[in-house]
Amino acid sequence: MPVNPELQGRAFAPVSPYLVGREKIREFAAAVYATNPLSFDVEAARAAGHADLVAPPTFPIVVQERTLAQLLAEEDSGIDFSRVVHGDQRFTYSRPIVAGDELTATLTVTSVKTLGAHSMVTAESTIVGADGGHVVTATSTLVVRGDE
């Protein structure tokens with residue numbers, strides 16, 4: 001079953017809020033071999049002008065994965081997860097993520113392209129804080145391998 005081109009433009013309901021914790025930031029930073037003390041030391045983060053620990057730049061993937069699960073669960077998507085390869089990932093920030101942030105994400109499929117037997121699905125997760133202000137947009141491109 002090919003990827004449904006009618007996915008393009010589809011918007012999903014916001015996912016439940018994600019409360020960013022200090023230990024989650026530390027664990028993520030350690031997992032990606034980040035060494036910036038702002039992700040480990042509260043006093044260093046505060047001395048740099050932040051309210052709390054600062055998440056590494058790729059941390060929004062934790063929140064975005066919840067929105068991508070909505071897309072992959074769509075019965076009419078035509079996306080077979082066993083054939084998905086992550087093709088691209090980008091983050092566009094308005095401000096850093098810090099411990100204590102309550103983040104809510106909303107996914108929109110921005111592009112569906114067919115390239116031979118393969119499809120490329122690009123989705124943007126707009127992530128906002130508890131005040132509704134933009135924090136970061138996480139953009140993923142999934143490559144869905146077709147029959148070869």
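**View 1. Five strands form an open sheet in this predicted model.** The strand order is β1-β3-β4-β5-β2. Pairing is antiparallel. At the edges lie β1, residues 18-19, and β2, residues 84-93. Each of these edge strands pairs on one side only. Strands of a sheet pair through backbone hydrogen bonds, either parallel or antiparallel.

**View 2. Strands β4 and β5 run antiparallel.** Strand β4 covers residues 118-128, and strand β5 covers residues 134-144. The two are joined by 10 bridges. Which residue of β5 is the bridge partner of V128? It is H134.

**View 3. Helix α3 packs on the sheet.** The helix spans residues 61-73. Helix α3 touches β1, β2, β3, β4 and β5. Strand β3 is made of residues 102-115. The direction of α3 makes about 55° with that of β3.

**View 4. D101 sits in the loop between β2 and β3.** Is D101 buried or exposed? Its relative accessible area is 11%, and buried means under 20%, so D101 counts as buried.

**View 5. The side chain of D101 has polar partners.** One is the side chain of R95, joined to that of D101 by a polar contact of 3.0 Å. Another is the backbone nitrogen of V98, which lies 2.9 Å from a polar atom of the D101 side chain.

**View 6. D101 touches residues farther along the chain too.** Leaving out residues up to four places away in sequence, D101 touches Y18, L19, V20, R95 and P96. Of these, Y18 and L19 carry the residue numbers of edge strand β1.

Note on methods: Residues numbered from 1 in each chain as written. Predicted model: local features only at pLDDT ≥ 70, side-chain atom pairs only at ≥ 80, totals over all residues. Heavy atoms only, no water. Pairing = 2+ DSSP bridges. Helix = DSSP H or I, 4+ residues; strand = E, 2+ residues; numbered from the N terminus. Contact = heavy atoms within 4.5 Å. Axes fitted to C-alpha atoms, helices over the stretch in contact; angles between N-to-C directions. Buried < 20%, exposed > 50% of the residue type's maximum accessible area, 1.4 Å probe, protein only. Polar contact = N/O pair within 3.5 Å; in protein donor to acceptor, adjacent residues only side chain to side chain.
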